[in-house]
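Trainee: Could you walk me through this model and show me how each label is earned?
Mentor: Gladly, let's put it up first.

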Amino acid sequence: MAVEAINRSQGIVLMVGGKTWPVATWLDNDGEECAEPDAAFAIVGPCHDETRPEFWVTLELSDFETVPTQ
């Protein structure tokens, strides 16, 4: 599973290969639910693929480069 991009404003994760999965919850550095601008982590799901009917993924947002919008 490889993430291509995260659209934080829309709460969508784009996977390599074109699948999109929703961000279910944004978490701060303390693991508490928060608003998107304060988030350090994203809980993504429910997700599914050929081998698993449902799973959830935690993404550390600092692993991704911020691209300015135009």
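**Labels and their grounds**

Mentor: Let's begin with E1 and strand E2 (residues 12–15): they run antiparallel and are joined by 4 bridges. The model is a predicted one, where local features need pLDDT of at least 70, side-chain atom pairs count only at pLDDT 80 or more, and totals for chains, interfaces and linings use all residues. Residues are numbered from 1 along each chain as its sequence is written, and side-chain values use heavy atoms, leaving out hydrogens and water.

Trainee: What makes E1 and E2 a pair?

Mentor: Two strands pair if DSSP finds at least two bridges between them, and here there are 4. Among the partners, Asn7 stands opposite Ile12, and Ile6 is bridged to Val13 in E2. The strands themselves are DSSP runs (E, at least two residues; helices are H or I, at least four), numbered from the N terminus.

Trainee: What is there to see between E1 and E2 in their hairpin?

Mentor: The hairpin has 4 residues between the strands, and Gly11 takes a positive phi near 65 degrees there. Most residues other than glycine have a negative phi, and most peptide bonds are trans. On the peptide side, Gly45 and Pro46 are joined by a cis bond with omega of about 5 degrees. Pro46 lies in strand E4 (residues 41–47).

Trainee: How do the strands line up in the sheet?

Mentor: They form an open sheet of 5 strands in the order E1-E2-E3-E4-E5, with antiparallel pairing. Strand E1 (3–7) and strand E5 (55–60) are the edge strands, each pairing on one side only. Neighbouring strands are turned by 30 degrees against each other on average, direction ignored. For that angle, axes are lines fitted to C-alpha atoms (for helices over the stretch in contact), and angles run from 0 to 180 degrees between N-to-C directions.

Trainee: How do you know that E4 has a partner on each side?

Mentor: The bridges tell us: E3 and E4 pair in the antiparallel sense over 4 bridges, and 5 bridges join E4 to E5, also antiparallel. Val44 is a good place to look, with Val23 as its bridge partner on one strand and Val57 opposite it in E5. Another bridge sets Ala42 against Leu59 in E5.

Trainee: Why is Trp21 called buried?

Mentor: Buried means under 20% relative accessible area, exposed over 50%, and partly exposed in between (1.4 Å probe, protein chains only). Trp21 has 7%, so it counts as buried. Phe55, at 9%, is buried too.

Trainee: And what class do Ile12 and Asp38 fall into?

Mentor: Ile12 has 30% relative accessibility, so it is partly exposed. Asp38, in the loop between E3 and E4, has 55% and is therefore exposed. As for strands, E4 is mostly covered, with 5 of its 7 residues buried.

Trainee: What pattern do the side chains follow along E5?

Mentor: They alternate: Phe55, Val57 and Leu59 point to one face and are buried, while Trp56, Thr58 and Glu60 point to the other and are not. In a regular strand the side chains alternate between the two faces of the sheet.

Trainee: Why is the pair of Trp21 and Phe55 called edge-to-face?

Mentor: Rings of Phe, Tyr and Trp (its six-membered ring) pair if their centres lie within 6.5 Å; planes under 30 degrees apart count as stacked, over 60 as edge-to-face and the rest as tilted. The whole structure holds 1 aromatic pair. The ring centres of Trp21 and Phe55 are 5.6 Å apart and their planes stand at 85 degrees, so the pair is edge-to-face. Trp21 lies in strand E3 (residues 20–27) and Phe55 in E5, so the pair ties together parts that are 34 residues apart in sequence.

Trainee: How do the residues of the lining of the largest pocket divide?

Mentor: There are 5 nonpolar, 4 polar and 3 charged. Ala, Val, Leu, Ile, Met, Phe, Trp, Tyr, Cys and Pro count as nonpolar, Asp, Glu, Lys and Arg as charged, and the others, Gly among them, as polar. The lining includes Ile6, Arg8, Phe64 and Thr69.

Trainee: What makes it a pocket rather than a cavity?

Mentor: On a 1 Å grid over the protein atoms alone, a cavity is a set of points where a 1.4 Å probe fits but cannot get out, whereas a pocket is an open set with protein on both sides within 12 Å along at least five of seven lines; lining residues have an atom within 4 Å of a point. The volume of this one is about 400 Å³, a volume being the space filled by probe spheres set on the points, with grid points joined across faces, edges and corners.
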